[in-house]
Amino acid sequence: MNSNFTKIVRLVLGILLVVFGSNKFLHFIPLPPPSGAAGDLMSSLGASGYIFQTVGALEVVIGLMLLFKKWIAFGLILLAPISVNILLFHLFLDIPGVGIALLVSLLNGVLIYKHWKQYKPIFA
């Protein structure tokens, strides 16, 4: 479970989450606003006043869990619905951004697989 491959995957995913999660607060990566249905959805979510802040905070906390190797299995399960939602958003509404979404989902899936022993009691 602590192979170099797993360590690299964990660190890459942790860095991605901390960077993109904190970008929801600090806006240091300029992202072009999505258009069409994707833009409509993002405007509606932004108007709620809490969605982006909540997701950003979760991404930063989960990323820090991965980077500091604390509660990894718990963080990965928290990340699962977020990464699926990111992937589905980009597949259906904003296909040009699907690369990062695929990467996050793939890394999350690999780490869940690598930590599967910790999830077995849930399904027993």
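## Burial and exposed surface

In this predicted model, buried residues account for 31% of the 124 residues in the protein. The surface that the protein exposes comes to about 7800 Å². Carbon and sulfur atoms supply 73% of that exposed area.

## Overall fold and dimensions

The protein contains six helices and zero strands. Read from the N terminus, the order of its elements is α-α-α-α-α-α.

The C-alpha trace extends over about 40 × 30 × 25 Å along the principal axes of the protein. The radius of gyration is 15 Å, which agrees with the value near 14 Å for a compact globule of 124 residues. Contacts within the chain can also be described by sequence separation: among those with a separation of 6 or more, 69% are between residues 24 or more positions apart.

## A nonpolar surface patch

A nonpolar patch of about 640 Å² lies on the surface. Its members are L41, V84, L88, L91, F92, L93 and I95. Helix α4, which covers residues 72–92, makes the greatest contribution to this patch, with four residues.

L88 is one of the patch residues and is located in helix α4. Its relative accessible area is 40%. L88 is therefore classed as partly exposed, because that class lies between the buried limit of under 20% and the exposed limit of over 50%. The value also satisfies the requirement for patch members, which is a relative accessible area of over 30%.

## Loop residues with positive phi

Two loop positions deserve separate description. H27 is not a glycine, yet its phi is positive, at about 55°. This residue is found in the loop between α1 (4–26) and α2 (36–48). With a relative accessible area of 61%, H27 is exposed, because the exposed class begins at over 50%.

W71 likewise has a positive phi, of about 50°, although W71 is not a glycine. The loop that holds W71 runs between α3 (51–67) and α4. The relative accessible area of W71 is 64%, so this tryptophan is exposed.

## Summary

The predicted model shows a protein of six helices and zero strands, with a radius of gyration that agrees with that of a compact globule. On the surface, helix α4 gives the most to the nonpolar patch. H27 and W71 are non-glycine residues with positive phi, and both H27 and W71 are exposed.

Conventions:
Residues are numbered from 1 along each chain as its sequence is written. This is a predicted model: local features need pLDDT of at least 70, side-chain atom pairs count only at pLDDT 80 or more; totals for chains, interfaces and linings use all residues. Side-chain values use heavy atoms; hydrogens and water are left out. Patches are made of residues with over 30% relative accessible area and no salt bridge: like charges are joined within 9 Å, nonpolar side chains (Val, Leu, Ile, Met, Phe, Trp, Tyr) within 5 Å. Accessible areas come from the Shrake-Rupley method with a 1.4 Å probe; for residues, only the protein chains shown count as cover. A salt bridge is a side-chain nitrogen of Lys or Arg within 4 Å of a carboxyl oxygen of Asp or Glu. Buried means under 20% relative accessible area, exposed over 50%, partly exposed in between (1.4 Å probe, protein chains only). The radius of gyration is taken over C-alpha atoms; the globule rule is 2.2 Å times the number of residues to the power 0.38. Contact means heavy atoms within 4.5 Å.
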